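Good morning, colleagues. Please look at the sequence and the structure on the screen while I go through a few of the features.

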Amino acid sequence: MIYDCAIIGAGPAGITSAIQLKRAGFTITLFEKKKIGGLAPNAHHIENYLGFREGISGRKLTSLFVRQLKLWKIPVVVAEVTNITKKNFFYIYTPQKKYKARSVILATGTIPLEANIPGEKELSGEKVFYEVTDLLSKSRSNKSAVAIIGGGDVGFDYALRLIEKKYQPRIITSHKIKCLDLLKQRVKKKKIPCLENIQIRSIKSNKHKVEVICRGIKFIVDYVLIAIGRKPSLPLIKVVNRDGLFMAGDVQNAAQRQIHIATGDGMKAALNVINYLQTKC
Ligand SMILES: Cc1cc2nc3c(=O)[nH]c(=O)nc-3n(C[C@H](O)[C@H](O)[C@H](O)COP(=O)(O)OP(=O)(O)OC[C@H]3O[C@@H](n4cnc5c(N)ncnc54)[C@H](O)[C@@H]3O)c2cc1C
């Protein structure tokens, strides 16, 4: 089977592209390595997405996206695309299988930056997390203390989500806090401790707890959540002629990560694919 378009990544960008191409009558396949919906379910309260005046949680908004995807009966291959090559057609490789397509949309989003703190790697996935949804799916008690490392919008959003779920978050940042003032006010109102200009030396497991060792101070917590930024996530692309290869969403806008931009990009990429298939294929 030769698909008209292979879309890699089922976040807001990839889902938008998939629906538009399916509506237009093209054959598509959508790949997702983790969970349909992408990064958005991590968002505590989205109030800048049009149409939801009082705001909506990332989980709810994502469930609406997924419902629309299902309504259009769009098949999702749950697998990681490891590399892409091109020889007349695009060849999309997953560990299990090779797929063939006339065009490709890369909507692979971003991956979190590591803080490179001694001990971080060893505890990753058990005690150290980079996305709040991963922490919530792993943690057993909602009374857990969580050290959030990072003083940007995402760190503050995570703190608000955790306090709502009765966790005990604490924000620690090695720099000055750099987030929206309204998030700062909400965190302050909830009395979430916030420490600026704290240099973290190491993270150490101690029985069931984690010690966050800083210069002159030590915190004992259950989990560490690192939110210090993200970088584009890309499979290996061995393609000389890039005609027919398009990008959409955070993968190309890593500094301006917003659902509106991702969905707009997803739509634009789909329209570019249609134009490409109708004129050059
Ligand atoms: C805490 C938090 C709060 C936020 N709040 C807001 C907000 O209020 N308003 C707003 O507009 N935005 C917000 N965002 C940002 C928003 O979630 C992102 O901008 C949006 O999800 C980007 O969509 P995307 O489709 O480009 O990428 P993503 O959502 O990252 O989706 C990419 C998908 O591709 C998959 N993938 C990656 N590589 C591969 C591969 N090789 N093979 C198969 N699949 C792959 C990933 O698993 C992922 O599901 C927030 C983000 C966070 C973390």
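The crossing of helices H5 and H6 is left-handed. This is a predicted model, and I ask you to keep that in mind throughout. Two packed helices are described by the angle between their axes and the distance between those axes. For H5 and H6, which spans residues 181–189, the angle is about 35° and the axes lie 10 Å apart.

Which residues of H5 and H6 meet? From H5 there are Asp153, Phe156, Asp157, Ala159 and Leu160, and they meet Leu183, Lys184, Arg186 and Val187 in H6. Sorted by class, this contact has 5 nonpolar and 4 charged residues, with no polar ones.

H5, residues 153–164, also brings us to the ligand, for it gives two or more residues to the surrounding shell. Helix H1 (12–23), strand E2 (28–32) and helix H7 (259–279) do so as well. How many residues surround the ligand? There are 37, and the closest are Gly9, Gly11, Gly38, Gly109 and Gly249. By class, the shell has 17 nonpolar, 13 polar and 7 charged residues.

The shell draws at least three residues from each of the two domains. According to the domain assignment, domain 1 covers 2–111 together with 230–279, and domain 2 covers 114–226. The C-alpha centres of domain 1 and domain 2 are 30 Å apart. Their contact takes 4 residues from domain 1 and 6 residues from domain 2. On the side of domain 1 that touches domain 2, there are 2 nonpolar and 2 polar residues, and no charged ones.

Terms used. Residues are numbered from 1 along each chain as its sequence is written. This is a predicted model: local features need pLDDT of at least 70, side-chain atom pairs count only at pLDDT 80 or more; totals for chains, interfaces and linings use all residues. Domain bounds come from an automatic or database domain assignment. Two residues are in contact if their C-beta atoms, placed from the backbone, lie within 7 Å. Ala, Val, Leu, Ile, Met, Phe, Trp, Tyr, Cys and Pro count as nonpolar, Asp, Glu, Lys and Arg as charged, and the others, Gly among them, as polar. A residue is near a molecule or strand if its C-beta atom, placed from the backbone, lies within 6 Å of it. Helices (H or I, at least four residues) and strands (E, at least two) are DSSP runs, numbered from the N terminus. Axes are lines fitted to C-alpha atoms, for helices over the stretch in contact, and angles run from 0 to 180 degrees between N-to-C directions. A crossing is left-handed if the near helix is turned anticlockwise from the far one by less than a right angle, and right-handed if clockwise.
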